[in-house]
Amino acid sequence: MFNANEIKTEIIEWIQKFFKENGCGCKAVVGISGGKDSTIVAALCIEALGKERVLGVLMPNGKQKDIDVAKKVVNHLGIESIEVNIFNTVRYIKHEVKSQLDDHWSKQSSINLPARIRMATLYAVSQTVNGRVANTCNLSEDWIGYSTRWGDSVGDFSPLSNLTVTEVKEVGYALGLPKEFIEKIPSDGLCDKTDEDNLGFTYEVLDKYIRTGLIDDKQLKKKIDQMHEKNLFKLQMMPSFSFKHESDKS
């Protein structure tokens, strides 16, 4: 049985331990999208470090339809925040790459480039304010590779990466966060589809399969297994050539 109150306390203590060992006095820098994961990570950091040591960074790509929700989150949490619009940076890189590749630009590049620019932005902010970047991914998304490598998949510390979406929501309620933040329907922000529409299955089904191995639809099981296997490389260290110097062979 998942005890959200106990896990909440354990995560808070873990964050405190991390900062004591890896950034005593540093701020937690959290990219605030308005979704449940970044909201809950920010709330956990507040509990662990205090509001004065949590900085929210809003990073719209041009006009963001739900930017008002992100602003509402930082106001509710009472944390300092800044807003950095990444639109011009994304557009410039896209233009430069296309011009060098015979006007070719892939759909996947359009999807992943903003996430990578956001992470570069977070690190620019973090190094300026003496911070540590929070990773806001959860186990469900990581399991099927629903994240961008060297984008939202990285960070300096990761409070939720071993919790499913279902469990993350329970922690959100244990923190006393408003339902509108916890239950906000996640979408990719590109094609007006929800995450679940894009995936072809619900997080409820995925979470149950991750935790119990049970799933009714065999075709869905095959799809999830294929996604998991295909994207495992995102969770692994970069492969490196194993070189043995002469002095190591003796």
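**Exercise 1. Determine the exposure class of Glu80 and of its salt-bridge partner, and locate both residues in the chain.**

Step 1. Glu80 has a relative accessible area of 47% and is therefore partly exposed (buried means under 20% relative accessible area, exposed over 50%, partly exposed in between, with a 1.4 Å probe and protein chains only). The model is predicted, so local features need pLDDT of at least 70 and side-chain atom pairs count only at pLDDT 80 or more, while totals for chains, interfaces and linings use all residues. Residues are numbered from 1 along each chain as its sequence is written, and side-chain values use heavy atoms, with hydrogens and water left out.

Step 2. The partner of Glu80 is Lys27, with the closest N and O atoms 3.3 Å apart. This satisfies the salt-bridge rule (a side-chain nitrogen of Lys or Arg within 4 Å of a carboxyl oxygen of Asp or Glu).

Step 3. The pair joins distant parts of the chain, with Glu80 in strand E3 (residues 80-83) and Lys27 in strand E1 (residues 27-31), 53 residues apart. Helices (H or I, at least four residues) and strands (E, at least two) are DSSP runs numbered from the N terminus.

Step 4. Lys27, at a relative accessible area of 21%, is partly exposed.

**Exercise 2. Describe the salt bridges of Glu83 and Glu167, and state how many salt bridges the rule yields.**

Step 1. Glu83 pairs with Lys71, the closest N and O atoms being 3.9 Å apart. Because Glu83 belongs to strand E3 and Lys71 to helix H3 (residues 67-77), the bridge ties together parts twelve residues apart in sequence.

Step 2. Glu83 is partly exposed at 44% relative accessibility, and Lys71 is partly exposed at 39%.

Step 3. Glu167 and Arg211 meet in a salt bridge with an N to O distance of 2.9 Å. Glu167 lies in helix H7 (residues 165-174) and Arg211 in helix H10 (residues 203-212), so this pair ties together parts 44 residues apart in sequence.

Step 4. Glu167 is buried, at 10% relative accessibility, whereas Arg211 is partly exposed, at 44%.

Step 5. The count of salt bridges comes to ten.

**Exercise 3. Classify the aromatic pairs that involve Phe18 with Phe19 and with Phe157.**

Step 1. A pair of aromatic rings is described by the distance of the centres and the angle of the planes. Rings of Phe, Tyr and Trp (its six-membered ring) pair if their centres lie within 6.5 Å; planes under 30 degrees apart count as stacked, over 60 as edge-to-face and the rest as tilted.

Step 2. The whole structure holds four aromatic pairs. In one of them, Phe18 and Phe19 have ring centres 5.3 Å apart and planes at 85 degrees, so the pair is edge-to-face. Both Phe18 and Phe19 are buried.

Step 3. Phe18 and Phe157 form a stacked pair, at 5.2 Å centre to centre and 25 degrees between the planes. Phe18 is in helix H1 (residues 4-22) and Phe157 in the loop between helix H6 (139-143) and H7, 139 residues apart. Both Phe18 and Phe157 are buried.

Step 4. Trp14, Phe18, Phe19 and Phe157 form one aromatic cluster.
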